[in-house]
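Have a look at the sequence and the 3D structure below. After that comes a short tour for anyone who is new here.

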Amino acid sequence: MAANGGTKAIVAALSANLAIAVLKFVAFVLTMSSSMLAEAIHSVADSGNQLLLLLGGKRAQRAASPEHPFGYGRERYIYAFIVSIVLFSVGGLFALYESWEKFQHPHAIEGGFWWVPLAVLLGAIVAESFSFRTAIHESNPQRGKQSWIKFIRNAKQPELPVILLEDFGALLGLVFALFGVSLTLITGNGLWDAAGTGMIGLLLVGIAVVLAVETKSLLLGESATKEDNARITEAIESDGTRIIHLKTMHLGPEELLVAAKISIGAADTGQAIAKAIDAAELRIRTAVPIARVIYLEPDVERVQVQAAPGQ
């Protein structure tokens with residue numbers, strides 16, 4: 001994985017989720033709280049998702065092959081899309097199902113271990129906060145001056161947006177669980193526990209849909225950012241060459257395909273054209289280092305002459 005910051009954020013989130021999942025399952029066994037069960041499954045799903053992101057980053061590093069001449073960079077997008085499916089099905093739908101069951105058969109949290117869910121949830125909030133802080137810290141250099149929403153929508157590296165949304169969802173889910181458990185303990189009415197579980201389910205489904213939509217766009221093939229397109233255009237045209245048309249596409253988070261048709265003089269020799277193309281490719285790679293695959297097609301620009309009225 002190219003971005004060490006992305007890997008660091010994933011490992012931090014994975015470590016927190018594995019420990020928290022065990023504690024949540026213990027709390028569920030002791031109290032039979034549906035909110036705790038939903039949160040435990042949520043942590044398991046998040047842990048699996050982080051393993052998927054690490055696997056996708058590893059597989060994306062494979063060298064290009066005759067069957068895949070542009071490499072495997074998009075594997076990171078595929079695994080990020082799988083993450084959204086897992087979060088939707090395993091996390092969100094399970095929580096909604098558990099909420100429905102608890103609404104049908106509510107029961108209060110009783111026994112001497114009533115305090116365990118509260119202790120686990122408060123401890124989990126602290127642990128998830130550290131994980132979320134790590135994700136924010138590692139995202140800031142790439143985010144720059146963008147808003148968080150714009151960063152998540154525009155990021156070409158899928159790992160950090162996924163971890164940011166997962167950690168944010170985990171923190172909010174813990175607050176929902178604390179809400180449901182606390183009111184159940186205060187009122188003795190298990191419907192509050194069911195309500196907290198339902199809120200967790202709706203939250204996870206919403207986050208999963210956002211991830212799926214954004215990752216789908218990357219899978220389809222997004223162009224370079226406006227800034228990189230401007231740098232590429234300036235690099236090509238800096239010696240007086242004119243661009244007839246330009247197309248770019250991300251082959252992976254750190255690999256960009258550049259295809260352009262450029263104008264040449266009608267009297268230019270083949271050797272002169274080849275030198276001009278080589279020089280333009282060097283300028284492009286200097287301006288945008290992730291431009292790894294470049295195809296420049298020379299052509300004579302045709303100026304269409306509009307006929308005068310009446311002709």
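This report covers the pockets, a cavity, some aromatic rings and a few strands.

## The largest pocket

Keep in mind that this is a predicted model. Let's start with the largest pocket, which has a volume of about 550 Å³. It is lined by 21 residues, and those closest to its centre are Gln-146, Asn-154, Lys-156, Thr-225 and Glu-227. Two elements, α5 (148-154) and α8 (226-237), each give two or more residues to this lining.

Of the elements, α5 gives the most, with four residues. As for chemistry, the lining of the largest pocket holds eight charged, seven nonpolar and six polar residues.

## The second largest pocket

Next up is a pocket of about 260 Å³, the second largest. Helices α4 (115-143), α5, α6 (159-187) and α7 (191-220) each put two or more residues into its lining. Here, too, α5 gives the most, with four residues.

The lining of this second largest pocket has nine nonpolar and two charged residues, and no polar ones. Among the lining residues are Phe-132, Trp-148, Ile-152, Phe-168 and Glu-214.

## A closed cavity

What turns up in a search of the whole structure for cavities of 30 Å³ or more? Just one is found, and about 100 Å³ of space lies in the largest cavity. It is lined by 13 residues, with Ile-152, Pro-161, Glu-214, Thr-215 and Leu-218 nearest its centre. Ile-152 and Glu-214 also help to line the second largest pocket.

Helices α5, α6 and α7 each supply at least two residues of the cavity lining, and α7 gives the most, with five. By class, the cavity lining splits into nine nonpolar, three charged and one polar.

## Rings that meet

The model has three aromatic pairs. In one of them, Phe-132 and Phe-168 have ring centres 6.4 Å apart and planes at 45°, so this pair is tilted. The pair ties together distant parts of the chain, with Phe-132 in helix α4 and Phe-168 in helix α6, 36 residues apart. Phe-132 counts as buried, at 18% relative accessibility, whereas Phe-168 is partly exposed at 41%.

Another pair is Trp-148 with Phe-151: their ring centres are 6.1 Å apart and their planes stand at 85°, so this one is edge-to-face. Both of these residues lie in helix α5, three residues apart, which is about one turn of the helix. Is Phe-151 buried or exposed? Phe-151 is buried, with just 3% relative accessibility, while Trp-148 is partly exposed at 31%.

## Charges over rings

Trp-148 has another neighbour: Arg-143 lies over its face, at 4.0 Å from the ring centre. A similar arrangement involves Arg-62, whose charged end sits over the ring of Tyr-72, 3.8 Å from the centre of that ring.

## The strands around β2

Now for strand β2, residues 255-263. Seven of its nine residues are buried, so β2 is largely enclosed by the rest of the structure.

Which strands does β2 pair with? Strand β1 (residues 243-252) runs antiparallel to β2, and eight bridges join them. A hairpin takes the chain from β1 to β2 through two residues, and Ile-243 stands opposite Ile-262 in β2. Strand β3 (residues 291-299) runs parallel to β2, also with eight bridges. There, Leu-257 has Val-293 in β3 as its bridge partner.

Terms used. Residues are numbered from 1 along each chain as its sequence is written. This is a predicted model: local features need pLDDT of at least 70, side-chain atom pairs count only at pLDDT 80 or more; totals for chains, interfaces and linings use all residues. Side-chain values use heavy atoms; hydrogens and water are left out. On a 1 Å grid over the protein atoms alone, a cavity is a set of points where a 1.4 Å probe fits but cannot get out, and a pocket is an open set with protein on both sides within 12 Å along at least five of seven lines; lining residues have an atom within 4 Å of a point. Grid points are joined across faces, edges and corners, and a volume is the space filled by probe spheres set on the points. Ala, Val, Leu, Ile, Met, Phe, Trp, Tyr, Cys and Pro count as nonpolar, Asp, Glu, Lys and Arg as charged, and the others, Gly among them, as polar. Buried means under 20% relative accessible area, exposed over 50%, partly exposed in between (1.4 Å probe, protein chains only). Two strands pair if DSSP finds at least two bridges between them. Rings of Phe, Tyr and Trp (its six-membered ring) pair if their centres lie within 6.5 Å; planes under 30 degrees apart count as stacked, over 60 as edge-to-face and the rest as tilted. A charge sits over a ring if NZ of Lys or CZ of Arg is within 6 Å of the ring centre and within 35 degrees of the ring normal.
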